[in-house]
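Got your viewer open? Let's take a short walk through this model, one selection at a time.

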Amino acid sequence: MIPIDKKRIVTLAGTLVLAGAVVAAGVYGPSVWKVFRQQSAITDQVVIQTPAVDGNNSINGSNGTMLPEGTAPPAVKGTAETTPTAAPTTVNSPPQSDSGSKNKYREPDTKLIDLAPSVTAFFGEAALSDDAKTLAFGSAWNIHQYVDGYLYGPAAGPQMNEEDIKKYIVFHKTLLDKQYKNEANASKASAFTSYLDVLLNSGIDSFDSKDKTRIEQFHQGIHDLDAHLMRNDASSKIYGATPFATKRT
């Protein structure tokens, strides 16, 4: 089984198509966007390696490490050696205001993982591994921050526009899909992984359409997943937007 490790993320994630570029990206937070800011135009031939993680711009110096039904997932290339034919594609960078946000990006704190009883059975020796649990937790945590920032402004979370949030969800969904393929007992957790797939696809679709109502619906699901299923944030509102109970006692 492949561990969640920054140095081995290329092995885990393979290559990821974002805005026409083949990107070998880091699993931690928005570090891939740091590369995009430095590239005005790139082609399918270019494999952009994850930038070195520093204490300020990539992950803030911590050690932390995801659709309506029928929505097609983004295309993923299995290897970086595929001969490209596409013309150079300009990648739109996220707003530069992120660095000045009142609420900056926070890296996932794995010490806060505290599964709700309703999802506990989907993880463990007979189900999904600790690596999959960490990745699911980190994906919910990361996406939740940016959706909060989008809906409620800089005081609520880091800033990113609709197109880049969509790509960010695609990024995490691709990592999760890759991880599931390495899980011997993934079938034992199909109720959870299928729901997560539907949820993330709904996020991709809602930000693609820029439909505020659907984005708010996606927010409720990713909020409950992050705050109440993967961890226990008793101070946070419960929407009841997932098929899994959030009740702890």
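## First stop: a helix and its partner

Select aspartate 177 to begin: this residue is partly exposed, with a relative accessible area of 27%. On the scale used here, buried means under 20% relative accessible area, exposed over 50%, and partly exposed in between (1.4 Å probe, protein chains only). Before going on, note that this is a predicted model, in which local features need pLDDT of at least 70 and side-chain atom pairs count only at pLDDT 80 or more, while totals for chains, interfaces and linings use all residues. Residues are numbered from 1 along each chain as its sequence is written, and side-chain values use heavy atoms, with hydrogens and water left out.

Now add lysine 173, whose side chain meets that of aspartate 177 in a salt bridge (3.0 Å, N to O). A salt bridge here is a side-chain nitrogen of Lys or Arg within 4 Å of a carboxyl oxygen of Asp or Glu. In general, side chains of opposite charge can pair when their charged atoms come close. Lysine 173 and aspartate 177 are 4 residues apart in helix α5, so about one helical turn separates them. Is lysine 173 buried or exposed? At 3% relative accessibility, lysine 173 counts as buried.

## Zoom out: the whole chain

Switch to a cartoon view and you will find 7 helices and 3 strands. These elements are DSSP runs, numbered from the N terminus: helices are H or I with at least four residues, strands E with at least two. Starting at the N terminus, the order is α-β-β-α-β-α-α-α-α-α. The chain has 249 residues, and 51% of them count as buried.

## Second stop: α5 against α6

Show α5 and α6 together. Their axes come within 8 Å and cross at roughly 160°, which makes α5 roughly antiparallel to α6. Each axis is a line fitted to C-alpha atoms, for helices over the stretch in contact, and angles run from 0 to 180 degrees between N-to-C directions; over 145 degrees counts as roughly antiparallel. Next, display the side chains between the two helices (contact means heavy atoms within 4.5 Å). On the α5 side, pick residues including Ile165, Ile169, Val170 and Leu176; on the α6 side, Leu196, Leu200, Ile204 and Phe207 are among them. By class, this contact has 9 nonpolar, 3 polar and 6 charged residues. Ala, Val, Leu, Ile, Met, Phe, Trp, Tyr, Cys and Pro count as nonpolar, Asp, Glu, Lys and Arg as charged, and the others, Gly among them, as polar.

## Third stop: a bridge between helices

Which residue forms a salt bridge with aspartate 208? Select lysine 166: the closest N and O atoms of this pair are 3.0 Å apart. Aspartate 208 sits in helix α6 (residues 190-209) and lysine 166 in helix α5 (residues 162-181), so the pair ties together parts that are 42 residues apart in sequence. Lysine 166 is buried at 16% relative accessible area, whereas aspartate 208 is partly exposed at 45%. Add Glu163 to see a network of salt bridges linking Glu163, Lys166 and Asp208.

## Last stops

Move to arginine 231, which forms a salt bridge with aspartate 226, with 2.8 Å between the closest N and O atoms. Arginine 231 is buried at 13%, and aspartate 226 counts as buried at 2%. In total, the structure holds 11 salt bridges.

Finish at asparagine 142 in helix α4 (residues 130-152), a residue that counts as buried at 1% relative accessibility. Draw a distance from its C-alpha atom to that of isoleucine 169: the two are separated by 9.1 Å and lie 27 residues apart along the chain.

Methods: Parallel < 35°, antiparallel > 145°, perpendicular 65-115°, else oblique.
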